[in-house]
Amino acid sequence: MTSIIKLHCLSGAGEETPPCYVLQIDEFKFLLDCGWDEKFDMVFIKELKRHVNTIDAVLISHSDPLHLGALPYAVGKLGLSCPIYATLPVYKMGQMFMYDLYQAHKNVSEFDLFTLDDVDMAFDRIVQLKYNQSIEMKGKGLGLRITPLPAGHSLGGTIWRISAPGEEDIVYAPDFNHKKERHLNGCDIERLMRPSLMLLGAMNADYVQQRRRLRDEKLMTTILTTLRGGGCVLVCTDTAGRVLELAHMLDQLWRNKDSGLVAYSLLLLSNVSYNVVEFAKSQIEWMSDKLTRAFEGARSNPFALRHVQLCHSAGDVTRTPGPKVVLASFPDLEAGFARDLFLQWAPHSHNSIVLTARTSPGTLARDLIDNGGDRVIEMVVRRRVKLEGAELEEFLQQQRMNVTNTVREEVAGISSDSDSEDELEMCVVTGRHDIPVRLETRLGGCFKSNKRHHAIYPFHEERTRADDYGEIIKPEDYRLAEIVDAEGEIRDVPPTAPIKQEQDEEMSEVPSKCVSSVRQVHVKAHVEYIELEGRCDGESLLRVVSQTKPWAVVGLRASEAALHTLKKHCESEGIEKVFLPSVGETVDATTESHIYQVKLTDGLMRGLVWRQAGDAELAWLSAVVAPRTHARESDAAPEEGGGAVSLEAGAGRPRAAAFVNTVRLHELRAALARAGLQPDLGAGTLTCCSGTLAVRRMENGQVSLEGVLSEEYYKVRELLYEQFAIV
Amino acid sequence: MTTNPRKGTDPVPAEESDQLTIRPLGAGQEVGRSCIMLEFKGKKIMLDCGIHPGLSGMDALPFIDLIEADEVDLLLVSHFHLDHSGALPWFLTKTSFKGRVFMTHATKAIYRWLVSDYIKVSNISTEQMLYTESDLENSMDRIETINFHEERDVRGVKFWAYNAGHVLGAAMFMIEIAGVKILYTGDFSRQEDRHLMAAEIPTVHPDVLITESTYGTHIHEKREERESRFTGLVSDIVGRGGRCLIPVFALGRAQELLLILDEYWSLHPELQDIPIYYASSLAKKCMAVYQTYVNAMNDRIRRQIAINNPFVFRHISNLKGIDHFEDIGPCVIMASPGMMQSGLSRELFESWCTDPKNGVIIAGYCVEGTLAKTILSEPDEITTMSGQKLPLRMSVDYISFSAHTDYQQTSEFINILKPPHVVLVHGEQNEMSRLRAALEREHRGAILVHTPRNTQPLALCFRGDTTAKVMGSLAVDPPKEGQELQGILVKRNFNYHILAPADLNKYTELVQSEVTQRQSLQYAGSVPLLRHVLMQLAGHIDFLSETRWRLYSCIELTIESSTIVLEWRAGPVADMYADALVGAALSAAALAAPAATHPPLAPKLDRMHFKECVIEMFQDMFGEDSVPKMFKGDKLYVTVDDKRADIDLQSMEVRCPEEPSLASCVRSALQHLHAALSPVRPPPGAPPPAPPPADS
């Protein structure tokens, strides 16, 4: 059986552009991820457009724009109409990412590449899956099965396994993290045994990562020194992915009384910060075991963040007095509040800018990482300004013209937008895309408070509590000054949120235009790059390759040096097929596999002698293909008979015994020690009986047993044989 | 795969047996202490591990003493109700069970608090307690969580969960062992309600359906009717100035009723002065769980959660205990326990039951023998906890909100899934037999309905073909009739693959290894003597050099100053040859060494000796007279029971047209004898299989 397997790279191959690939298995075409870069590259879109009609299914692996940014455009403008598969958190958080991205651009420019309707339409196509849930493809893809596996890196992040008929296993792993993090589990490497093709994001193949503790400490010191120096810290992060790890980590830091951070403010700033945190609260089951356990045990939701203030505009930040830490999107500093704050804060030397991720080459953040701060950079400053004077007149004229031309309903729609800040229902009815910020503050628990109005004149019994000596105890006198903490408990929804909405509405309502200017910015602020991407480091990436032992590897989305490292490693591991395509190239990974099914008769099965090897059992099978009793032309299911009986009759050919399993010397040593043979392990050689017997591991994986003829020789041999399954 | 319940022991090992056993250890023709054992192909799975609500102490446990707890591979808990999960802390801490336990995230989170509450409220002596709070705490880490639809594999048992409705986190488990699928529904409901979705219908057809039968052949009233009846009743009672008591189980249905009441109150401002109390600290504790695991609820809630949390109630206050309650006028109180065995609901009932203005609404399923069940038959008097008799004057109404499947739903469910076998559990005997009769009537002959009693095993037979996939170099050519096929059969989780040894590394993570052996021994004798002895044994020696010989074409022997070194690649056959050579060398060393030349013996079969042996053997086998005493040439015959088998010793052929079995018997005896007497020849390629190396 031969399966045609081809991978066409639309983007993200040979260089660090966002991943987007077309994987063809026989007739069926998968689109693997659909990322868009920070600059909205139209050349890529042109390329995507050529393929969009032939795609049968889309698989999305992470929720950031890097992995699904072009989806709204593809669905809204290119007419992509096939089902899209993603995990539930990728669906929820991905939508948040796109809302934030849209809003970030809309706030400063006439953004028209996609609308919020396109975003909604794209996400409506998503089939939400759970980890390890297998889905069978239909139609052309009959026999194909896709399974999302946990990948780490982001909430709901996925390694896709695509199983094709004929025991072909294709693994698509663009970004993953094998390490456990605070809020996420590491990826499941054991489940990826021996895939026939591994599509691997190789960006980190030559990357050496600092210890996590060191990085955390660095962040902590940067924050502390800046805050104590009276400056502000801008932590550039994303909308709904890595930000969760950061927010959780910083919140824990703030909770720690010894950290001395309680006096400062911690802000989470993006257009959708409230919703991101709310969604995170309801996705505990997707997070690390530690967090779920903690939730089961203490019923404290890890994302009920005590110290984080949720903000929705740059204004909220300026209103918060004193030194503060702001987590703002986007990490590339090309758009969003992070860029606004950067413009504000970069020229002052007491501030700090923390970059947490290596974004695409060419972005401001990457430039700062590569070339450092303390220099003058030229930035395009875009913003939206209110129309004034003649321009306003002209606009209003235009508006009046429009009003006369359009039906009244539309006007109603627009105006309802404007005063939606006080009525929740209104927001929902008019279909505003920003999921509205809930304004009511939640009362302590889930029930209404017991203080109610009485029908009759209320009589309050004054309960005075006095101590044994009659002195009245006032609890207030004994309360410690923990105002900030107490406030933090109550503050579920930021008190500033409602004001922000007004502003926002004004902004979109008041006639405005977008202007851009080029400004010289002298970056005086302390620029620090602390990698918190949550990706696998180089060494581990290569180890994953060695452990899973794929038949073929395709190295994707990486610099030349990284790809070279990967290739060298694969060669040393004996993986023959290594493909390193560049953008626009097609990799042909078609394999020829031989496979057919047979039935095993009871007689044959009874004669087998099973030996245990790992989690499998092995037996030597020696059989003859029996005459077909019920020949069916479609499936070759010949019955087999014979076995040991036919061997005696000369049917079985003589053969050498096969030793299966690898022997581990320390295990053997333990076995020898149990038998009282006093083994001694050193330099790949296990000796015992005062050096008369030796078990050695040769370079080619062979094991040799040497020794003088003695009773122990046979004992050792027996124990050595027990390490194998001999069939 | 057909199906005749088969009894009796099977000689085949459990792993290969086709028999699936289903044995209820609890919930067999009863409600409570659900615990069902599945056994198939040597795998043992326990479904649920509950306690009986009407019994206490050890009596409440299922009949777990009938099984070996340490043999259970897997335990699946369908939902958090105590009759499904209550015995779990006991089973985890007080038995030798060492398998794995799974439940859904929401179930685990609520289970923790529910059981802890159960420990607190059960008013029995400490000796009778099945477990303590610390047992529960310690066993929490043993419990693993599974998301809905997530596929798991535990030692070849594949299983996944579907939403079951019923309560938050309730799951139906589909279990697949060696291709046979079993669906265990737990408690389920096919009716969507305010916060839970209807039980999903699996897309795969199970071979066995194990389902609840709580409501037998009842048919529930429509949700809208039932809700309006309920709200109507409540407003009637408070309208006439009475107090309305709704005894409920703290978690599950209570949340549904709270949602209904809260909505009704916000739609009726005139009622808003009448307080609704919910008296349960447990429910308050678990609200965080309800607010978090919204992804296990229905779409309505999931959409609403983005705007506000429906589990934040506006008209319902929490009541910490009866001490905080001022009984001054009309009110609505929801209190646990649901069947008024004891506790707050019982207390309130006893103080209110004498006033006809008051009313009680029973909203859930009641077990036989509880007060809730008693008052449904509208007695004139009731007995209080203290033994006093009180007249029952308050109104008693029954509205079933319990989210169990009814006949309509069960029947529809079965119609879609078409399982050949349906096993009924979790239902009282009468209800169960009625349901059985109704199902059998409706699905005439298409399904077999079983209602096993507690501890009574039900055996079903699933005759599956064992199929294997031939892969790699063995499969290059399509199979032909009569073609030989040899390779390693790899069995993992009931999947079979046949591979050539060389392909093993290619298709599995198993590696083929090689072991070489080097054995040295002292030999002081002369080299020619050694050569002679070895020649006699092996028949042939390849002389690679003066001191390096190869024997049996697989063993190399080196002679260095009074030391012999044998080197070979390990294997049963080569090991045996090596042992033989060692033996020969040792005997050569022991011989007095006359330097005289020994003519090399031509290893040849002594034909006369062979003939004598043949006769002797057949005399031993078939009796003195079966063979002629003397014969000439190579022709011989054997007579057994007047049947004659002709033997040609030259060609080793045996002919017996009348009795083929005799011929084959004689032939194999003859071949074995020949093989034993003829000198050992080096194997052509590799030697024929031989017994494993003899112990030294």
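Contact here means heavy atoms within 4.5 Å. With that cut-off in mind, the tour of this predicted model opens at the boundary between its two chains.

**Stop 1: the interface**

Select chain A and chain B together. In contact across the boundary are 110 residues of chain B and 101 residues of chain A. The size of an interface is often given as the accessible area lost when the parts come together. For chain B and chain A, the buried area is about 9,300 Å², with 53% of it on carbon and sulfur atoms.

Turn next to the polar side of the boundary. Six salt bridges run between chain B and chain A. To display one of them, select B:Asp575 and A:Arg717, whose closest N and O atoms are 3.9 Å apart. Between the chains, 25 residue pairs are in polar contact, counting those with both residues at pLDDT 80 or more. Which element of chain B gives the most to the side that touches chain A? Select residues 484–492 of chain B: this is strand β24, which contributes nine residues.

**Stop 2: confidence along chain A**

Colour chain A by pLDDT. The average is 80, and 82% of the residues score at least 70. Residues 409–445 of chain A fall below 50, yet this stretch has 57 contacts in the model beyond near neighbours in sequence. A further stretch to select is 629–651 of chain A, where pLDDT stays under 50. For residues 629–651 the model has 45 contacts beyond four places in sequence.

**Stop 3: a mixed sheet in chain A**

Now display the strands β8-β9-β10-β11-β12-β21-β22 of chain A, which in that order form an open sheet of seven strands with mixed pairing. Strands β8 (135–136) and β22 (577–579) of chain A each have a single partner strand, so one side of each has no neighbour in the sheet.

Within this sheet, select residues 197–201 and 552–556 of chain A. These are strands β12 and β21, which run parallel and are joined by four bridges. On this pair, A:Leu199 is placed opposite A:Val554 of β21(A). Add residues 560–572 of chain A to the view: helix α20 lies across β12, β21 and β22 of chain A, and runs at about 170° to β21(A).

**Stop 4: a salt bridge linking distant parts of chain A**

Over all chains, the whole structure holds 54 salt bridges. One of these joins A:Arg366 to A:Glu16, with the closest N and O atoms 3.0 Å apart. How many residues apart in the chain are the two partners? They are separated by 350 residues: A:Arg366 belongs to helix α12 (residues 364–371) of chain A, whereas A:Glu16 is in the loop between β2 (5–11) and β3 (20–25) of chain A.

**Stop 5: a mixed sheet in chain B**

Move to chain B and display β6-β5-β4-β3-β2-β1-β22, the order in which seven strands form an open sheet of mixed pairing. At its edges are β6 (143–145) and β22 (458–461) of chain B, each paired on one side only. From one strand to the next, the twist averages 25°.

For a parallel pair in chain B, select β4 (residues 74–76) and β5 (residues 100–103), which are held by three bridges. Here B:Leu76 is set opposite B:Phe102 of β5(B).

**Stop 6: backbone geometry**

Most residues other than glycine have a negative phi, and most peptide bonds are trans. Three sites are worth displaying against that background.

- A:Ser329 and A:Phe330 are joined by a cis peptide bond with omega about 0°; A:Phe330 lies in the loop between β16 (324–328) and α11 (337–345) of chain A.
- B:Ser336 and B:Pro337 are likewise joined by a cis peptide bond, with omega about 0°; B:Pro337 is in the loop between β15 (331–335) and α9 (343–352) of chain B.
- B:Asp48 has a positive phi, near 65°, and is in the loop between β3 (43–47) and β4 of chain B.

**Stop 7: the surroundings of A:Gln612**

Finish in chain A by selecting A:Gln612, in strand β26 (residues 611–613). What does A:Gln612 touch, not counting residues up to four places away in sequence? The residues are A:Glu617 and A:Ala725. A polar atom of the A:Gln612 side chain lies 3.5 Å from the backbone oxygen of A:Ala616. To set the scale, add A:Leu219: A:Gln612 and A:Leu219 are 393 residues apart in sequence and 50 Å apart in space, C-alpha to C-alpha.

Technical notes
Residues are numbered from 1 along each chain as its sequence is written. Chains are lettered from A and ligands numbered from 1 in the order in which they are written. Side-chain values use heavy atoms; hydrogens and water are left out. pLDDT is the predictor's confidence in each residue, from 0 to 100. Two strands pair if DSSP finds at least two bridges between them. Helices (H or I, at least four residues) and strands (E, at least two) are DSSP runs, numbered from the N terminus. Axes are lines fitted to C-alpha atoms, for helices over the stretch in contact, and angles run from 0 to 180 degrees between N-to-C directions. Buried area is the accessible area (1.4 Å probe) that two parts lose on being put together, summed over both. A salt bridge is a side-chain nitrogen of Lys or Arg within 4 Å of a carboxyl oxygen of Asp or Glu. A polar contact is a pair of N or O atoms within 3.5 Å; within protein, one must be able to donate a hydrogen and the other to accept it, and residues adjacent in sequence count only if both atoms are side-chain atoms.
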